[in-house]
Amino acid sequence: MSDDTDLAALARLIERARRAVVFTGAGISTESGIPDFRSPGGIWTKMAPIDFESFLASEAARRESWRRRFEADAVWRAAEPNRGHRAVATLVRRGTVSAVITQNIDGLHQASGIAAEQVIELHGNSTYAHCLDCAARYEIADLRPAFERDGSAPRCTRCDGFVKTATISFGQAMPAEPMRRAQEETLAADLFIVAGSSLVVYPAAGFPELAKRKGAVLAIVNREATHLDPVADVVVNRSIGDALGTVVGVN
Ligand SMILES: [Zn+2]
């Protein structure tokens with residue numbers, strides 16, 4: 001595309017911003033090889049997600065959930081931050097962006113150098129696990145040998161509770177503290193940048209609406225159109241890495 005007026009407009013908004021928030025979805029991480037679970041042809045069109053109720057109710061569901069997690073482990077471990085993540089990290093380092101709110105569960109923002117305190121994970125994190133009862137943390141790699149030995153889903157060594165990846169499953173309550181912080185950051189932002197989210201998953205997708213309603217400037221960077229494009233101040237329909245990388249000056 002030779003017409004770069006969209007990128008120039010985004011660059012101007014970023015330059016003017018005093019406190020920006022970046023809201024990221026699957027689109028920023030597909031460029032790192034992380035599959036988009038919800039997209040047409042995505043994982044969840046091939047196998048239904050295991051909801052929280054099933055996980056609690058059934059050892060078979062827990063086993064299947066862990067089988068899938070270990071099966072996908074090579075993909076998770078190989079994924080590295082891409083140009084889009086680096087651009088966001090640069091904006092955080094420069095002080096333009098105060099926080100990154102993410103729907104992603106891959107930990108790639110932290111891997112790109114953003115402090116964990118500045119990454120607000122709305123759907124949790126799949127790169128580690130925790131006990132659902134006592135919250136003890138477990139590393140995925142440490143759980144694998146026992147699973148491969150007897151195929152049973154991991155239990156907490158402290159309290160015998162169910163151990164689950166630290167993600168928010170369907171049917172599981174949104175995490176209170178990240179939701180509170182996301183709202184606080186959204187209300188304080190003068191620029192809200194959506195990067196790689198199609199804005200279909202609620203309540204997460206409510207944050208850009210809230211930002212706009214409270215007077216922030218809204219920029220949407222996504223390959224496909226979203227339902228908020230008509231109210232956005234700038235819409236960039238391009239690859240996230242190319243768009244943000246170009247605008248921020250990061251390779
Ligand atoms: Zn426990």
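**Close-up views of a zinc site and of Val250**

**View 1. Spacing of the zinc donors along the chain.** In this predicted model, the residues that donate to the zinc ion follow the sequence pattern C-x2-C-x21-C-x2-C. Cys134 and Cys159, a pair that links distant parts of the chain, stand 25 residues apart; Cys134 belongs to the loop between β4 (124-131) and β5 (137-139), whereas Cys159 lies in the loop between α9 (140-150) and β6 (163-167).

**View 2. Coordination of the zinc ion.** The SG atoms of Cys131, Cys134, Cys156 and Cys159 coordinate the zinc ion, at 2.3 to 2.4 Å. The angles among the 4 donor atoms run from 98 to 120°, and the site of the zinc ion is tetrahedral.

**View 3. Exposure of two of the zinc donors.** Cys134 has a relative accessible area of 31% and is therefore partly exposed, since values between 20% and 50% fall in that class. Cys159, with a relative accessibility of 36%, is likewise counted as partly exposed.

**View 4. Surroundings of Val250.** Val250 is placed in the segment that comes after α12 (240-248). With a relative accessibility of 11%, Val250 counts as buried, because the limit for a buried residue is under 20%. When residues up to four places away in sequence are not counted, Val250 touches Arg83, Arg86, Ala87, Thr90 and Gly245.

**View 5. Val250 and Arg69.** Along the chain, Val250 and Arg69 are 181 residues apart, and in the model their C-alpha atoms are separated by 33 Å.

How values were computed
Residues numbered from 1 in each chain as written. Predicted model: local features only at pLDDT ≥ 70, side-chain atom pairs only at ≥ 80, totals over all residues. Heavy atoms only, no water. Donors = N, O, S within 2.8 Å, 3.2 Å for Na, K, Ca; no water. Tetrahedral: all angles 85-135°; square planar, octahedral: opposite > 155°, others 65-115°. Helix = DSSP H or I, 4+ residues; strand = E, 2+ residues; numbered from the N terminus. Buried < 20%, exposed > 50% of the residue type's maximum accessible area, 1.4 Å probe, protein only. Contact = heavy atoms within 4.5 Å.
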